[in-house]
Amino acid sequence: MSCVSRPPTLLVHGTDDPLVPYTALAEAETALKGADVAVETLTSVGIGHSIDEEGLRRGGLFLRDVLNRTTP
């Protein structure tokens, strides 16, 4: 028996990331959706390879919502 897990995913990416190109956000979103994974994205304008207050806020809300769900 195989078990496949596809938890919802939040992708947060800065437009000025010098390590991972911003275009990787759309590529990751497309790949995850192709694997039937629910995806939310947040673009952080002017942010490099880091996370800003909005990213932290959205991440916290995302986790709250996902962890409070009663159905998979």
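Does Val12 count as buried, partly exposed or exposed, and at what relative accessibility? In this predicted model, Val12 counts as partly exposed because its relative accessibility is 30%, and partly exposed covers the range between under 20% for buried and over 50% for exposed. Val12 lies in strand E1, which spans residues 9–14. On the surface, Val12 joins Ile51 and Leu56 in a nonpolar patch. Together these three residues have about 230 Å² of accessible area.

The overall layout comes next. The chain has two helices and two strands, and from the N terminus on these elements run β-α-β-α. Along the principal axes, the C-alpha atoms fill a box of roughly 45 × 25 × 15 Å. Of the 72 residues, 19% count as buried. The chain exposes about 5200 Å², and carbon and sulfur atoms supply 58% of that area. Among contacts between residues at least 6 apart in sequence, 66% join residues at least 24 apart.

After strand E1 comes a loop that leads to helix H1, and Asp17 is found in this loop. Asp17 is buried yet has no salt bridge. Why is there no such bridge? A salt bridge needs a side-chain nitrogen of Lys or Arg within 4 Å of a carboxyl oxygen of Asp or Glu; the nearest side chain of opposite charge to Asp17 is that of Arg58, 17 Å away, so the pair does not qualify. The side chain of Asp17 instead reaches the backbone nitrogen of Val20 at 3.0 Å. Leaving aside residues up to four places away in sequence, Asp17 touches Ile47, Gly48 and His49.

Helix H1 covers residues 23–34, and the loop that follows it runs up to strand E2 at residues 39–44. Ala35 is found in this loop and is partly exposed, with a relative accessible area of 34%. The C-alpha atoms of Ala35 and Arg6 are 8.1 Å apart in space, although the two residues are 29 apart in sequence. Asp36 lies in the loop between H1 and E2 as well. Its phi is near 60 degrees, a positive value in a residue other than glycine. Asp36 is exposed, because its relative accessible area is 63% and the cut-off for exposed is over 50%.

Side chains of opposite charge can pair when their charged atoms come close. A search of the whole structure finds four salt bridges. One of them joins Lys33 and Glu29, with N to O at 3.1 Å. Lys33 and Glu29 are four residues apart in helix H1, so about one helical turn separates them. Lys33 is partly exposed at a relative accessible area of 46%, and Glu29 is partly exposed at 21%.

Another salt bridge joins the side chains of Arg58 and Glu40, at 3.6 Å from N to O. This pair links distant parts of the chain, with Arg58 in helix H2 (residues 53–67) and Glu40 in strand E2, 18 residues apart. Glu40 is partly exposed, with a relative accessible area of 35%.

Asp65 also forms a salt bridge, in this case with Arg64, and the closest N and O atoms are 2.8 Å apart. Asp65 counts as partly exposed at 37% relative accessibility. Arg64 is partly exposed too, with a relative accessible area of 45%.

Technical notes
Residues numbered from 1 in each chain as written. Predicted model: local features only at pLDDT ≥ 70, side-chain atom pairs only at ≥ 80, totals over all residues. Heavy atoms only, no water. Patch = residues over 30% accessible without salt bridge, like charges linked within 9 Å, V, L, I, M, F, W, Y side chains within 5 Å. Areas by Shrake-Rupley, 256 points an atom, 1.4 Å probe, with all protein chains shown as cover. Buried < 20%, exposed > 50% of the residue type's maximum accessible area, 1.4 Å probe, protein only. Lys, Arg positive; Asp, Glu negative; His and termini not counted. Polar contact = N/O pair within 3.5 Å; in protein donor to acceptor, adjacent residues only side chain to side chain. Contact = heavy atoms within 4.5 Å.
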